[in-house]
Amino acid sequence: MPDATRATVIVNVDIPGPVISRHLYGHFAEHLGRCIYGGFWVGEDSPIPNVGGIRQDVVQALRELGIPNLRWPGGCFADEYHWRDGIGPRADRPRMINTNWGDVEENNHFGTHEFMALCELLGAEPYINGNVGSGTVREMSEWVEYLTRSGTSPMVELRRANGREEPWRVPFWGLGNEPWGGGGRMRAETYTDLARQYALFCKNHGDNVLHRIAAGASEDDYAWTEALMRAVDELSHDTFPVLPFEAISVHYYTIGGTWTTKGSATQFDDDDYWRTIVAAQDVEPLLRRHIAVMDRYDPQRQVGLVLDEWGTWWDVEPGTNPGFLYQQNTMRDALVASLHFDVFHRLADRLSMANIAQTVNVLQAMLLTDEETGALVRTPTYHVFEMNKVHHDATSVPVHVRAPQAQREVAGRTVPTLSASASVHAGRCHVSLTNTDLEHEVLVDLDLRGASLTELTARVLAPQSAGSFNSAEHPEDVRPQPLKLASTATGVRLTLPPHSFAILKAA
Ligand code: AHR
């Protein structure tokens with residue numbers, strides 16, 4: 001093992017920054033491959049233990065993450081989904097073809113009532129994404145009414161006839177998905193007008209207040225953000241000033257290769273690894289530029305930025321349906337997640353929500369289920385979400401990393417190999433630390449300034465290699481372990497192994 005790299009990390013515990021919304025740890029579940037069917041939903045007659053058709057073990061594992069919200073039913077699927085097909089007796093529900101994902105039959109057995117039951121079991125807030133691409137304003141408006149209205153109305157009667165008396169609470173509402181692509185091939189101006197119109201007819205019924213999210217840019221399409229924000233500016237000067245929508249979204253996936261050859265999830269060399277780490281780090285300048293555009297039109301920061309699709313995207317696992325986007329998940333993926341969270345914590349004053357794609361069996365999943373045996377596996381990414389849940393709704397505090405040796409050249413760029421962020425909550429401070437170096441451990445001197453915190457503990461995710469993963473045969477190859485700490489005159493010293501993620505608690 002080469003010599004350890006040295007680093008100093010200073011945390012200003014007494015300088016409060018923005019609150020890190022728990023919704024930055026949100027999730028996304030689409031009717032895609034085995035995410036809904038086989039992942040969440042097995043049906044009431046399944047031998048797999050379930051509550052009304054929903055897998056118990058999946059619910060339990062996600063509850064351990066404190067899953068704050070769940071985006072559904074897509075993604076691309078949302079713009080082909082007609083919600084009335086997914087209500088009423090399951091045997092009578094019409095079937096459709098999921099043209100986006102594998103061209104397979106969708107029997108609509110998992111619909112509105114099943115999704116809301118899932119959210120209740122998870123303790124998660126629903127984020128429902130309506131259909132702008134192939135739906136109508138009326139269809140979306142009636143879905144909102146069906147879900148959230150009480151008293152008497154045509155949609156309330158329909159809901160009652162389907163067995164649900166009380167309205168549900170739905171805080172988050174999406175206005176379509178990727179309208180520049182599969183959601184309608186629209187120009188930014190066309191979609192902006194539609195978003196204004198659709199949002200207007202998504203009413204607040206009773207005390208249910210919708211946080212309406214306009215479908216935003218692909219990656220670095222800042223002009224798309226600009227078009228949406230012009231609408232915010234324009235309507236703020238109206239005779240009766242209003243916000244057309246409360247947030248706009250953006251999608252950014254970490255691709256280590258190219259969109260046509262993304263590379264294997266598990267078989268990668270050092271160059272592939274570093275390209276991935278750099279692609280993950282690039283989310284920060286990208287989000288900052290979107291935020292800079294938003295700041296020009298909305299300096300008061302009334303409109304949130306929502307990264308409602310992010311994560312790694314690899315070539316599908318060999319032998320699986322190419323339309324199902326099933327991929328394994330290694331320590332490399334876990335580091336992509338921990339790097340994103342450091343960025344989210346830094347940008348928490350504008351970034352209001354983020355949703356990793358996707359929760360079970362699709363892309364950078366938390367959980368994988370075995371098709372034959374039904375066995376459930378927690379991925380390395382799951383463990384990062386679990387270790388970092390201490391940051392939910394905590395106050396971010398500034399972190400300075402002084403580590404001149406902790407860097408490396410990647411394709412002509414100098415990139416840092418140590419990343420950190422921190423928060424405080426109820427007299428406790430939590431520091432997240434990521435070492436992306438493949439060979440060097442980092443000896444970190446942590447200086448917690450502005451508070452006297454003496455009880456220190458830490459856990460680390462540090463498997464044998466960056467390519468380590470969990471499987472049904474080896475479900476615990478990657479799991480958190482206690483990390484040794486040593487007190488120093490100014491704080492605490494710890495050693496971060498290569499390709500590792502650690503969380504430290506000080507109280
Ligand atoms: O997450 C998979 C797909 O990626 C989503 O359906 C779509 O919105 C994006 O292109």
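# A tour from Phe385 to the ligand and on to Pro404

Select phenylalanine 385, which counts as buried because its relative accessibility is 2%, under the 20% cut-off. Keep in mind throughout that this is a predicted model.

Now add tyrosine 25 to the selection. Tyrosine 25 is buried as well, with a relative accessible area of 1%. How far apart are the ring centres of tyrosine 25 and phenylalanine 385, and at what angle are their planes? The centres are 6.0 Å apart and the planes stand at 90°, so this pair is edge-to-face. Colour the chain by position to see where the two partners come from. Tyrosine 25 sits in the loop between strand S1 (5–12) and strand S2 (26–28), while phenylalanine 385 belongs to helix H10 (residues 380–388). The pair therefore links distant parts of the chain, 360 residues apart.

For another pair, go to tyrosine 273 and tryptophan 274. Their ring centres are 5.1 Å apart and their planes are at 85°, so this pair too is edge-to-face. Tyrosine 273 has a relative accessible area of 1% and is buried; tryptophan 274, at 3%, also counts as buried.

Next, select Trp41, Trp72, Phe77, Tyr81, Trp83, Phe110, Phe115, Trp143, Tyr146 and Trp173 together. These residues form one aromatic cluster. The count of aromatic pairs comes to 24.

**Helix H3**

From the cluster, follow Trp143 and Tyr146 into helix H3, where both are among the buried residues. H3 covers residues 137–148, and its end C-alpha atoms are 17 Å apart. That agrees with the 16 Å its twelve residues should span at 1.5 Å a residue. Is H3 mostly covered or mostly open? It is mostly covered, with eleven of its twelve residues buried. Other buried residues to click on include Val137, Met140, Val144 and Leu147, along with Glu139, Glu142 and Glu145.

**The ligand**

Select the ligand and show the residues around it. There are 13 of them, and the closest are Glu30, Cys76, Glu178, Tyr253 and Glu309. By type, this shell divides into seven nonpolar, three polar and three charged residues.

Draw distances from the ligand's oxygen atoms to the side chains. A polar side-chain atom of glutamate 30 is 2.7 Å from a ligand oxygen. Glutamate 309 has a side-chain N or O atom 2.7 Å from an oxygen atom of the ligand. For glutamine 358, the distance between a polar side-chain atom and a ligand oxygen is 3.0 Å. How much of the ligand's surface does the protein bury? Taken alone the ligand exposes 280 Å², and the protein buries 93% of that.

**Helix H9**

Move to helix H9, residues 331–346. Its 16 residues reach 23 Å from the first C-alpha to the last, close to the 22 Å expected at 1.5 Å a residue. H9 is mostly covered, with 15 of its 16 residues buried. Zoom in on the start of H9: there a side-chain oxygen of threonine 330 comes to within 3.0 Å of the backbone nitrogen of arginine 332.

**Proline 404**

Finish at proline 404, in the loop between strand S17 (399–402) and strand S18 (407–410). Is proline 404 buried or exposed? It is exposed, because its relative accessible area is 64%, over the 50% cut-off. Now add threonine 5. Proline 404 and threonine 5 are 399 residues apart in sequence, but their C-alpha atoms are 9.1 Å apart in space.

Conventions
Residues numbered from 1 in each chain as written. Predicted model: local features only at pLDDT ≥ 70, side-chain atom pairs only at ≥ 80, totals over all residues. Heavy atoms only, no water. Near = heavy atom within 4 Å. Polar contact = N/O pair within 3.5 Å; in protein donor to acceptor, adjacent residues only side chain to side chain. Areas by Shrake-Rupley, 256 points an atom, 1.4 Å probe, with all protein chains shown as cover. Nonpolar A, V, L, I, M, F, W, Y, C, P; charged D, E, K, R; others polar. Helix = DSSP H or I, 4+ residues; strand = E, 2+ residues; numbered from the N terminus. Expected span 1.5 Å × (residues − 1). Buried < 20%, exposed > 50% of the residue type's maximum accessible area, 1.4 Å probe, protein only. Phe/Tyr/Trp six-rings, centres within 6.5 Å; stacked < 30°, edge-to-face > 60°.
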